[in-house]
Amino acid sequence: MKPSNPGVLVGLVVVFAAITWGLLQKTYSQLPTVPWSAIPTLLLLAIGEGYTGWLTRARIRRRPGTKPPEPLAVARLAALAKATAHAGAVFAGVFAGFVFHVLNLLDLPQPRQDAFVAGGSFASCVVLICAALFLEHCCRVPGEPKDRT
């Protein structure tokens with residue numbers, strides 16, 4: 001498994017932002033408000049992945065008081081990190097599409113609230129992507145060459 005490519009993640013954000021923006025051109029008035037509960041949920045997931053990365057790195061580096069991790073468990077964590085980074089990029093794109101759609105409607109209360117919530121959710125997605133990339137980095141074997149083809 002190769003490490004996540006930041007270009008692919010940015011591409012996912014851009015593509016899904018454009019798709020969401022296009023869909024909202026016709027359906028925004030029929031949708032309920034953007035739920036604020038995405039923000040704490042995404043941040044809790046990011047904290048969990050960051051903490052798991054920190055613990056995994058300590059175990060892989062054989063810090064005193066830790067036991068070596070099971071190789072299969074580390075592989076599963078790396079797969080989880082890669083999947084989370086991609087899912088976070090997709091949802092970041094969706095929330096960015098909401099923000100871009102309501103930018104010209106900020107004088108109305110409902111779109112203004114949607115802009116703040118979607119902007120906070122986008123920021124939470126970025127934090128989740130960073131935590132996932134950190135976990136993926138922590139799952140690498142020490143001394144592994146940086147460019148493996």
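**Contacts of a buried glutamate and the packing of four helices**

With neighbours within four places in sequence left aside, E136 is in contact with K2, P3, S4, A81 and K82. The model in which these contacts occur is a predicted one. E136 belongs to helix α4, which covers residues 109–138. The residue is buried but forms no salt bridge. R140 provides the nearest side chain of opposite charge, at 5.0 Å from E136. A salt bridge requires a side-chain nitrogen of Lys or Arg within 4 Å of a carboxyl oxygen of Asp or Glu, so the 5.0 Å between E136 and R140 does not qualify.

The secondary structure of the protein consists of four helices and zero strands. Read from the N terminus, the order of the elements is α-α-α-α. Along the principal axes, the C-alpha atoms occupy a box of roughly 55 × 35 × 20 Å. Of the 149 residues in the protein, 34% are buried. Among contacts between residues at least 6 apart in sequence, 85% join residues that are at least 24 apart.

The packing of the helices was examined pair by pair. Two packed helices are described by the angle between their axes and the distance between the axes. Helix α1 (residues 6–27) packs against helix α3 (residues 71–102) at an angle of about 40°, and the two axes are 7 Å apart. The two helices are therefore oblique to each other, since angles under 35 degrees would count as roughly parallel. The crossing in which α1 passes α3 is right-handed. On the α1 side, the contact is made by V8, L9, L12, V13, F16, A17, T20, W21, L24 and Q25. On the α3 side, the residues that make the contact are A85, H86, A89, V90, A92, G93, V94, A96, G97, F98, F100 and H101.

Helix α3 also packs with α2 (38–60). The axes of α2 and α3 come within 12 Å and cross at roughly 155°. This makes α2 roughly antiparallel to α3, because angles over 145 degrees are placed in that class. The crossing of this pair is left-handed. Helix α2 contributes A38, L42, E49, T52, T56 and I60 to the contact, and helix α3 contributes V74, L77, L80, A81, T84 and F95. A81, one of the α3 residues in this contact, is also among the residues that E136 touches.

The pair α2 and α4 packs at an angle of about 15°, with 8 Å between the axes. These two helices are therefore roughly parallel to each other. The crossing of α2 past α4 is left-handed.

Several residues in and around the loops were considered individually. Y28 is located in the loop between α1 and α2. Y28 has a relative accessible area of 13% and is buried, because the class takes in values under 20%. Apart from neighbours within four places in sequence, Y28 is in contact with F98, H101, V102, L105, Q110, P111 and D114. F98 and H101 are also among the α3 residues that make the contact with α1. Y28 and V102 are 74 residues apart along the chain, and their C-alpha atoms are separated by 9.1 Å.

T33 is placed in the loop between α1 and α2 as well. The relative accessibility of T33 is 38%, and the residue counts as partly exposed. When residues up to four places away in sequence are not counted, T33 touches Q110 and D114. Both Q110 and D114 also appear among the contacts of Y28. The C-alpha atoms of T33 and G48 are separated by 28 Å, with the two residues 15 apart along the chain.

R62 is found in the loop between α2 and α3. This residue is exposed, with a relative accessible area of 59%. The phi angle of R62 is near 60°, which is a positive value in a residue other than glycine.

G7 is part of helix α1 and counts as partly exposed at 48% relative accessibility. Between G7 and G50 there are 22 Å in space, C-alpha to C-alpha, for 43 residues in sequence.

Notes
Residues are numbered from 1 along each chain as its sequence is written. This is a predicted model: local features need pLDDT of at least 70, side-chain atom pairs count only at pLDDT 80 or more; totals for chains, interfaces and linings use all residues. Side-chain values use heavy atoms; hydrogens and water are left out. Buried means under 20% relative accessible area, exposed over 50%, partly exposed in between (1.4 Å probe, protein chains only). Lys and Arg count as positive and Asp and Glu as negative; His and the chain ends are not counted. Contact means heavy atoms within 4.5 Å. Axes are lines fitted to C-alpha atoms, for helices over the stretch in contact, and angles run from 0 to 180 degrees between N-to-C directions. Angles under 35 degrees count as roughly parallel, over 145 as roughly antiparallel, 65 to 115 as roughly perpendicular and the rest as oblique. A crossing is left-handed if the near helix is turned anticlockwise from the far one by less than a right angle, and right-handed if clockwise.
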